[in-house]
Amino acid sequence: MAKPIVIGDIQFKTKTAAKAEIRHRIGQYEAGDILSIADQVFFEELFKLHDEYFEKIGPGIKHIQVEMDFHRNRCLYIHRTDGSQIDISWVHCIQPASTKTVVSTAFRRAVKERVMTFKSSQLSEVCRCPILNIPLDYENSHVAYTEYSFESLLDDFLDQVGVTFESIELINPSPDDSDQRGILKNPGLKAQWDRFYDSNARLTLMSAEANLRRQG
């Protein structure tokens, strides 16, 4: 059975599906183009799976640029914050996700509606990014965690209920589901997670660019 590939909050059932999405995103650009903020977020998450990730990013990523290799295929270059640049193979990043990663994305899926509801409600009140002061809309805004990261929240929850990542059972979504992340099988655990999340998650709305800089 094929193991899923997880890139940020997106889960792909197979390497083939992940590669198709990556090629589609890169194929929208010409040599010399700089990736959009949304695509940079996606590829920065992908690059974390590279076995030389820290060597590649160096002091940090300023932007990612599309270039052409010797075979006239589109490739990616990281432009670092210190002015240096280096190529990076996205193919080397494609690898099956760990059990912890797959389960974590299922817990993210479980609270997706809560996050989207927060985003919609905030957009009706918050017109500009609190960090970069640029206008916010549904496409360019991100919901970010303050005080505690999502990973910290989930670790605390699992400690509280006394379960491990390996012991949690998931249900595969239907093939026509646009969200291919796993679904928590135990409704009781899902209800406990909902209550814990509502009590402890601290969210804020900012631009995708500001959130990207914050994570870097």
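**Aromatic rings in a predicted protein model**

Let's start with one residue: Y53 has a relative accessibility of 17%, so it counts as buried, since the cut-off for that label is under 20%. Its partner in an aromatic pair, F54, is another story: with a relative accessible area of 64%, F54 is exposed, because that label applies over 50%. Keep in mind that this is a predicted model. Below, we follow the rings first and then step back to the whole protein.

**Ring pairs**

- How many aromatic pairs does the structure hold? There are twelve.
- One of them joins Y53 and F54, whose ring centres lie 5.0 Å apart with 70° between the planes. That angle makes the pair edge-to-face, because planes over 60 degrees apart get this name.
- F107 and F157 also make an edge-to-face pair, this time with 6.1 Å from centre to centre and 65° between the planes.
- Where do F107 and F157 sit? F107 is in helix α4, which covers residues 99-110, while F157 is in helix α6, covering residues 150-161. The two residues are 50 apart in sequence, so their pair ties together parts of the protein that are well separated along the chain.
- Are F107 and F157 buried or exposed? Both are buried.

**A cluster of rings**

- F107 and F157 have further company: they belong to one aromatic cluster.
- The other members of that cluster are Y145, F150, W193, F196 and Y197.

**Charges over rings**

- Rings here don't just meet other rings. R25 lies over the face of F42, at 3.9 Å from the ring centre.
- K119 does something similar with Y138, lying over the ring's face at 4.3 Å from its centre.

**The whole protein**

- Zooming out, you can find eight helices and nine strands in the protein.
- Why does a compact globule fit as a description? For 216 residues, such a globule would have a radius of gyration near 17 Å, and the protein's 18 Å agrees with that.
- If you trace the C-alpha atoms along the principal axes, the protein spans about 55 × 45 × 35 Å.
- Of the 216 residues, 39% are buried.
- Now take the contacts between residues at least 6 apart in sequence: 62% of these join residues at least 24 apart.
- The accessible surface comes to about 12200 Å², and carbon and sulfur atoms account for 49% of it.

Terms used
Residues are numbered from 1 along each chain as its sequence is written. This is a predicted model: local features need pLDDT of at least 70, side-chain atom pairs count only at pLDDT 80 or more; totals for chains, interfaces and linings use all residues. Side-chain values use heavy atoms; hydrogens and water are left out. Rings of Phe, Tyr and Trp (its six-membered ring) pair if their centres lie within 6.5 Å; planes under 30 degrees apart count as stacked, over 60 as edge-to-face and the rest as tilted. Buried means under 20% relative accessible area, exposed over 50%, partly exposed in between (1.4 Å probe, protein chains only). Helices (H or I, at least four residues) and strands (E, at least two) are DSSP runs, numbered from the N terminus. A charge sits over a ring if NZ of Lys or CZ of Arg is within 6 Å of the ring centre and within 35 degrees of the ring normal. The radius of gyration is taken over C-alpha atoms; the globule rule is 2.2 Å times the number of residues to the power 0.38. Contact means heavy atoms within 4.5 Å. Accessible areas come from the Shrake-Rupley method with a 1.4 Å probe; for residues, only the protein chains shown count as cover.
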